[in-house]
Amino acid sequence: MERKINLHLFYMGVVTAIVGILITTVIYYHFFRSETRQTLAHECQLVAESYRDISSPDKLSRFSGKDLRITLIDKGGKVLYESDADAENMTNHLDRPEIISAIENGSGTDTRLSDTIGIEDYYYALRLEDGNILRVSIQAHSIFALFERSLVLILIIILGIVVVSMLVSVKLTNNLIAPFRRIPQLIRTNSPPEESGIYPEVIPLVEEIRNARNAQSEMRQEFTANVSHELKTPLTSISGYAELIESGMAQGADSVEFAGKIKKESARMLTLIGDILRLSELDSIGDAPLDEQADLKAIAEECKERLSQQAQSRGIMITVSGDNTVITASRSELCELVYNLVDNAIKYNRENGNIDIEIKGKTLTVKDTGIGIPGESIPRIFERFYRIDKSRSRAKGGTGLGLSIVQHIAQHHGAQINVESTVGVGTSITVTFK
């Protein structure tokens with residue numbers, strides 16, 4: 001960011017300076033042209049006043065000089081006198097713009113590029129009392145010649161501007177960035193941002209980052225405490241059963257029963273650890289690209305097949321309806337999302353209940369006939385380790401992380417989740433993809 005600001009300021013300074021030089025040169029050139037025309041008109045008036053006292057056109061030679069050229073033309077355009085050439089051999093001048101304007105309006109001007117590169121001819125013509133046209137002209141450098149003659153000076157000025165712009169841009173960038181460099185220290189120390197010298201517009205951002213950091217810290221502590229508690233419960237059970245077997249207090253059928261309970265608690269721990277690791281992985285995914293084509297209905301059918309044995313053990317019927325809808329997504333994540341929703345619907349359903357999976361456009365709905373969710377608990381069901389009935393949830397093998405995983409996957413896909421539930425009737429969870 002600092003480098004970009006530095007470069008932008010540098011480029012802005014250089015471009016502004018160069019544009020300024022060009023504009024100044026053009027303005028000077030136009031001013032120069034205006035002054036040249038005024039001087040030429042004044043010279044023409046002086047020669048015209050003296051013209052009354054001369055006996056022949058050749059006498060006009062006394063007024064011409066190295067820079068000033070004088071031409072006398074009659075009404076028909078014939079050249080009567082030319083200070084720089086033989087008048088007899090010159091073409092008719094009636095087609096010249098300054099001559100036409102002088103005949104019609106009394107005076108006329110024109111500027112034409114000379115045969116010499118970088119030179120312009122300035123003309124001023126005046127209609128005399130006898131009807132003849134007096135024209136005076138001078139040659140001057142064109143704007144291209146001005147640039148060419150000043151090229152070395154312009155290059156030196158531009159080089160100086162580049163050096164100055166570089167130094168100024170570095171200084172300005174340091175001054176601009178300095179308050180931002182204090183932000184990390186402010187966030188860590190909780191010192192008042194108003195006294196730190198940072199921009200007032202940045203203070204709300206600092207406060208927001210602080211709050212988010214504190215909230216994240218609290219969430220991390222809460223998560224650690226929940227993980228410890230969730231792991232401690234099965235470990236305590238495993239340890240207790242193992243001690244009974246080790247001491248010989250559990251033998252025969254009791255030993256087999258305790259071993260089964262140890263196996264069950266171990267499986268629960270493995271599931272819990274797997275969900276924790278999966279949540280950690282989803283946290284680190286961030287904005288990973290979604291570049292697969294996934295059919296929502298095909299995924300729903302696949303999840304139904306994988307969970308069919310679990311559903312049949314409780315007499316629960318799963319149906320999939322709707323059209324095949326292909327979206328750009330992560331297919332493995334969508335399988336995980338649908339699997340968790342259907343798995344939850346089985347665990348918290350009544351015996352011989354129903355689960356309907358419907359795909360309508362880019363909307364996936366999983367509806368069950370289960371125990372339902374109290375209205376006050378609906379906003380919290382996606383929190384990690386949140387359970388409405390903790391003892392009942394553990395008994396069903398739930399880790400309290402399934403819906404958190406669902407929410408993470410939905411957020412990664414930019415999807416919206418909507419929950420509708422009635423206690424004792426059932427729950428409907430809808431996921432709408434972009």
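## Salt bridges, strands and cores

With a relative accessible area of 23%, Arg112 is partly exposed. This value, like the others here, comes from a predicted model. Arg112 has a salt-bridge partner in Asp110, and the closest N and O atoms of the two are 2.6 Å apart. Asp110 has a relative accessibility of 18%, so it counts as buried, the limit being under 20%. The pair isn't on its own, either: Glu98 and Arg135 join Asp110 and Arg112 in a network of salt bridges. As a bit of background, side chains of opposite charge can pair when their charged atoms come close.

Ten salt bridges turn up in the structure. One of them joins Arg69 to Glu82, with 2.7 Å between the closest N and O atoms. Arg69 belongs to strand β1 and Glu82 to strand β2, so this salt bridge ties together parts that are 13 residues apart in sequence. Arg69 is partly exposed at 23% relative accessible area, whereas Glu82, at 5%, is buried. The two strands also pair directly: β1 (residues 69-73) and β2 (residues 79-82) run antiparallel and are joined by three bridges. Leu72, for example, has Tyr81 in β2 as its bridge partner. Together β1 and β2 make a hairpin, with five residues in between. In the turn of that hairpin sits Gly77, which has a positive phi of about 95°.

Another salt bridge is formed by Glu351 and Arg314, whose closest N and O atoms lie 3.1 Å from each other. Here distant parts of the chain are linked, 37 residues apart: Glu351 is in the loop between α10 and β9, and Arg314 is in the loop between α9 and β7. Glu351 is partly exposed, at 46% relative accessible area, while Arg314 is buried, at 18%.

Back to the strands: β3 (residues 107-113) pairs with β4 in the antiparallel sense, and seven bridges hold between them. Within this pairing, Thr111 is matched with Tyr122 of β4. Strand β4 spans residues 119-127, and eight of its nine residues are buried, so the rest of the structure largely encloses it.

What about the nonpolar parts? The largest nonpolar core has 50 residues, and those touching the most other members are Leu334, Leu337, Leu341, Val342, Ile346, Ile355 and Ile357. The biggest contribution to this core, eight residues, is made by helix α10 (residues 331-347). A second, separate core holds 21 residues, among them Ala41, Ile54, Leu60 and Ile138. Leaving aside residues up to four places away in sequence, Leu334 touches partners including Ala294, Ile327, His413 and Phe433.

Helix α12 (residues 402-412) is mostly covered too, with nine of its eleven residues buried. Leu403, Ile405 and His408 are among these buried residues. Just after α12 comes Gly414, with a positive phi of about 65°.

On the surface, Val15, Val19, Ile23 and Ile27 make up a nonpolar patch with about 350 Å² of accessible area together. Val19 sits in helix α1 (residues 2-51), and its relative accessibility of 38% makes it partly exposed.

As for the whole protein, there are twelve helices and twelve strands. Out of 434 residues, 38% count as buried. The accessible surface is about 25,400 Å², and carbon and sulfur atoms account for 55% of it. Of the contacts between residues at least 6 apart in sequence, 59% join residues at least 24 apart.

Note on methods
Residues numbered from 1 in each chain as written. Predicted model: local features only at pLDDT ≥ 70, side-chain atom pairs only at ≥ 80, totals over all residues. Heavy atoms only, no water. Buried < 20%, exposed > 50% of the residue type's maximum accessible area, 1.4 Å probe, protein only. Helix = DSSP H or I, 4+ residues; strand = E, 2+ residues; numbered from the N terminus. Pairing = 2+ DSSP bridges. Contact = heavy atoms within 4.5 Å. Areas by Shrake-Rupley, 256 points an atom, 1.4 Å probe, with all protein chains shown as cover. Patch = residues over 30% accessible without salt bridge, like charges linked within 9 Å, V, L, I, M, F, W, Y side chains within 5 Å. Salt bridge = Lys/Arg side-chain N within 4 Å of Asp/Glu carboxyl O. Core = buried A, V, L, I, M, F, W, Y, C linked by side-chain atoms within 4.5 Å.
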